[in-house]
Structures are given as C-alpha cells and as structure tokens.
Amino acid sequence: MSQRMQTVRILALTISNGMMQRIRHGQMESAKVWVACRDELHRCMTERMKWPNRDSLQKLTKGRFAMHSQSVQMVCHAFLANVDTATQLRKAGRSEIRYPYRDKTFYPLYWPAQAMSIQDNKVILPMGRGRASIVFDRPEWLDKPAACKLIWNRTHYEAHINVDIPAKEMQETGIKATIDLGQIHQCAVTTNTGQALIVSGRGIRSAKRRMNKMHGEVTKLQSRCNKGSRRWKRLQLARNRNALRLERTIRDLRHKGTRQVIDFCHFNRVNTIYVGNPDGVRKIRTGRKHNQRMSQWEYGKDIDYLKHKSKQSGISSFDGTERGTSSHCPICGHRHKPSGRNWSCPVCGFKGHRDLVGSINMHDLAFGEKPTFPVSKDVTYLRPGTSARSVFAGRLQRLASRSSRPDQGQATGLLLHETMSSTTSGVIP
Ligand SMILES: [Zn+2]
C-alpha cells in the first residue's frame with residue numbers, strides 16, 4: 001500500500017481579466033523560448049553540428065526571456081522530448097514525421113514543483129524576478145507545491161497539476177485478462193477463469209456524431225459571414241463551448257468505461273491484463289462515413305487510461321497486436337470474417353459474441369493460453385455510467401444471502417470469503 005504514483009488533475013481557473021492577460025503574455029513568451037529552441041535545432045542541422053541538448057539550450061536561453069528561469073528550462077525539456085519522439089518515430093519507419101518546424105505564438109507555461117508556492121489558500125506561480133506572479137485560489141486537494149502547467153482551453157485557462165496518489169501493491173494470483181477495444185463496445189474483457197465483461201461504446205459514438213453535426217452546422221452558418229467579423233466570432237465561441245462540453249462528456253464516459261473494466265478485473269482478482277492495440281485496423285480505408293468514425297476512434301486514450309488505472313489498482317498491464325484475433329474460431333481455428341455482432345462458425349457450429357471472440361483469442365497471443373469461451377451467465381454487459389462497483393456489490397450480496405442458507409456447502413463460503421476480501425480490502429479509487 002506504500003507505493004505512490006503520479007496523476008494529473010485539471011483545474012479550470014476562475015481569474016480576473018488582468019490575470020488572464022498576465023498568463024496570455026507569459027504564454028507568448030513561452031512560445032518565444034520554443035521558437036528559439038527550434039531555430040537552434042535548425043541551425044545545427046544545416047551547419048551539420050551536434051544537435052542541441054539540455055546544457056546548450058539552457059545556455060542559449062538563459063536570461064533572455066521574461067519568465068521564471070525554471071519555466072524556461074521546462075520548455076527546453078519539452079522541446080527536446082518532442083525531438084526525441086520524432087527521432088524514434090522516424091527510426092520506426094515513419095519518414096513523414098518532421099522535426100519541430102512550426103512557428104508558435106502561444107505555448108503552455110510550466111513550473112516544476114519547487115517553483116510553486118502556496119500562501120493563505122492561494123497558489124503562486126512566479127514569472128521571474130521583478131515581474132508579477134500568477135496567482136489563483138488553491139483547490140482543496142492541493143496541500144503542497146506540485147509541478148503544473150497552464151494551458152488555454154479555447155474558452156478558459158486550465159491548470160494541469162501533477163499530484164501524488166497511492167498505488168496498490170501487485171499481487172500474484174495467476175489470473176489474466178485480455179481486453180479487446182472497439183467502437184460499438186468500448187472494451188470486451190475476458191479472463192482465463194471464464195468471466196467476461198462488455199462495456200458499451202454507443203454513448204461515446206453518439207456524442208462524437210453530435211459533435212460532427214454541430215461542427216457542420218456552425219461551419220454552414222459561418223460561411224455566410226466574413227471571417228473574423230463579430231457574428232463569426234460569436235459563432236466560433238458557441239462552437240468552442242459546445243465542442244468542449246461534448247469533449248468533457250466523451251472523456252467522462254471513457255474514464256467511466258475503463259474504470260468498469262478495472263473494477264471487473266479487481267473483482268475477479270486479475271493481476272495481469274493485455275490490451276489489444278488496434279493499430280493497423282485503422283489504416284484500412286473503407287468509405288467516407290466509416291473513415292470518419294475510425295479516425296475519431298481514440299483507442300490510444302483507452303489504452304492509456306487502462307494502463308494508468310490498472311497501475312493504481314496493483315494490476316500489471318501491457319499492450320500488443322490484436323492481429324487476426326477477431327477472424328478465427330476460438331474452438332477449431334477456422335478463419336472467417338464475422339458480419340454481425342455474433343460469431344458463428346460454419347465448421348464446428350460454435351456461436352458466441354463477436355467481441356468476446358476477439359478477446360478470448362488474444363489470450364493465445366499474449367499468454368500462450370487457450371481459455372474456455374465464457375458461458376452467457378458469466379458475461380456482464382454494462383454501459384459506462386452504471387457503476388460497476390454497485391453491480392458487483394449487488395452480486396456479492398446475492399452470493400452472501402445464498403451462502404447463508406444451510407444447504408450450501410463449505411466451498412461456497414470459502415469462495416465468497418475470498419471474493420469479498422478481494423473487493424473490500426482497500427478502497428477502489
Ligand atoms: Zn469452429
């Protein structure tokens with residue numbers, strides 16, 4: 001229980017106009033640092049010199065910008081991280097990836113933990129000697145200085161603050177689960193003990209569709225006015241507000257769905273999960289409408305959320321290919337492409353839910369095992385939003401009432417005790 005991990009909390013800032021201007025100017029200064037780093041990189045590239053590193057960029061940017069010195073350094077570090085990512089992607093064959101080249105007018109402001117200070121329920125972020133600091137109300141949960149960044153969120157400023165949260169110790173139970181990500185279903189999970197969970201993704205999908213329609217409508221209205229005119233700006237504000245609201249809805253659903261998966265794994269005492277990565281599936285072009293859906297499918301976020309939440313719950317996780325998992329019969333291995341939501345095998349007569357087929361076949365890829373296909377009474381369907389914990393708590397209660405009957409043997413009682421202790425030991429965060 002003593003392990004800790006980092007997570008980010010987002011705080012929408014309610015601040016005066018003056019303070020907003022201060023942040024705005026700071027972000028413009030931050031962008032200048034970024035541009036200076038980029039220019040240095042390009043100079044080194046054309047002159048075939050050694051590429052910039054932390055030390056050289058620190059020397060280059062020292063004392064030149066109207067920001068706190070550590071904020072300047074953090075922009076340099078972020079820049080170098082971008083360069084690193086580009087290098088790695090290019091090495092992996094993505095030759096279309098360019099090194100940072102754009103001009104930036106704004107860039108987020110960063111502070112490391114030691115630069116932030118807290119005084120009388122105010123958070124103070126210094127802008128360097130002789131310049132006014134950025135000050136906002138301290139949120140209740142922030143009790144000590146933490147690394148943070150300020151970003152513009154199209155309608156307001158947000159502080160993204162790194163916080164330390166407790167993580168559970170890993171436990172070796174030998175129970176494994178695989179997760180198949182999808183759009184109709186957000187996640188389909190199967191364990192090697194014959195349990196399964198399907199989390200619906202329809203809420204996310206329909207929110208995305210609403211978003212596309214909204215963008216279309218606003219664009220149509222905007223096409224009738226001059227770009228930058230008062231009416232155009234008013235429409236743009238409406239667009240941003242709507243988009244943000246829908247994005248929040250989607251993010252919320254995504255968090256809730258992945259939380260259900262982790263609660264399910266926790267309930268079933270899973271200690272390792274494998275997440276199938278749909279890279280590749282997305283590259284196939286299949287018509288305009290389907291392409292829009294595919295390109296908006298943020299499975300990378302699902303993978304991130306699952307990894308983060310599983311770490312917090314003491315479950316180890318990794319991801320990898322899901323190639324071919326949805327097109328093979330889990331019983332006889334016959335290959336065929338399913339058309340509806342059900343998978344039926346013309347050779348051996350097997351019938352089952354299509355997404356569970358994908359998930360169950362992944363066990364072989366990930367762990368070299370072939371668990372039995374879950375029977376329908378062991379499959380749980382959830383929409384993100386219904387609390388998985390309450391569903392599982394209800395199930396525990398039913399188990400409890402059943403085992404209190406005298407005709408039940410010792411075995412159920414033992415099993416119950418085990419499952420109870422696994423869900424009640426420590427609060428699921
Ligand atoms: Zn078959």
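Start by selecting V199 and L382: in this predicted model, L382 of β15 is the bridge partner of V199. Now widen the selection to the strands around this pair. Strand β10 covers residues 196-200, and β15 covers 379-382. The two pair in the parallel sense, over 4 bridges. As a bit of background, strands of a sheet pair through backbone hydrogen bonds, either parallel or antiparallel.

Next, show the whole sheet. Which strands will you meet as you walk across it, and in what order? Going from one side to the other, you pass β12, β11, β8, β9, β10 and β15. That's an open sheet of 6 strands, and its pairing is mixed. Stop at the two edges, β12 (316-321) and β15: each has a single partner strand, so one side of each has no neighbour in the sheet. Ignoring direction, neighbouring strands here are turned by 20° against each other on average.

Time for some helices. Select residues 230-267 for α5 and residues 299-312 for α7. Two packed helices are described by the angle between their axes and the distance between the axes. Here the axes come within 9 Å and cross at roughly 45°, which makes α5 oblique to α7. The crossing is right-handed.

Where do they touch? On α5, pick R254, H255, T258, R259, V261 and I262. On α7, pick K301, D302, Y305, L306, K309 and S310. Try colouring these contact residues by type: you should get 4 nonpolar, 3 polar and 5 charged.

Conventions:
Residues are numbered from 1 along each chain as its sequence is written. This is a predicted model: local features need pLDDT of at least 70, side-chain atom pairs count only at pLDDT 80 or more; totals for chains, interfaces and linings use all residues. Axes are lines fitted to C-alpha atoms, for helices over the stretch in contact, and angles run from 0 to 180 degrees between N-to-C directions. Angles under 35 degrees count as roughly parallel, over 145 as roughly antiparallel, 65 to 115 as roughly perpendicular and the rest as oblique. A crossing is left-handed if the near helix is turned anticlockwise from the far one by less than a right angle, and right-handed if clockwise. Two residues are in contact if their C-beta atoms, placed from the backbone, lie within 7 Å. Ala, Val, Leu, Ile, Met, Phe, Trp, Tyr, Cys and Pro count as nonpolar, Asp, Glu, Lys and Arg as charged, and the others, Gly among them, as polar. Two strands pair if DSSP finds at least two bridges between them.
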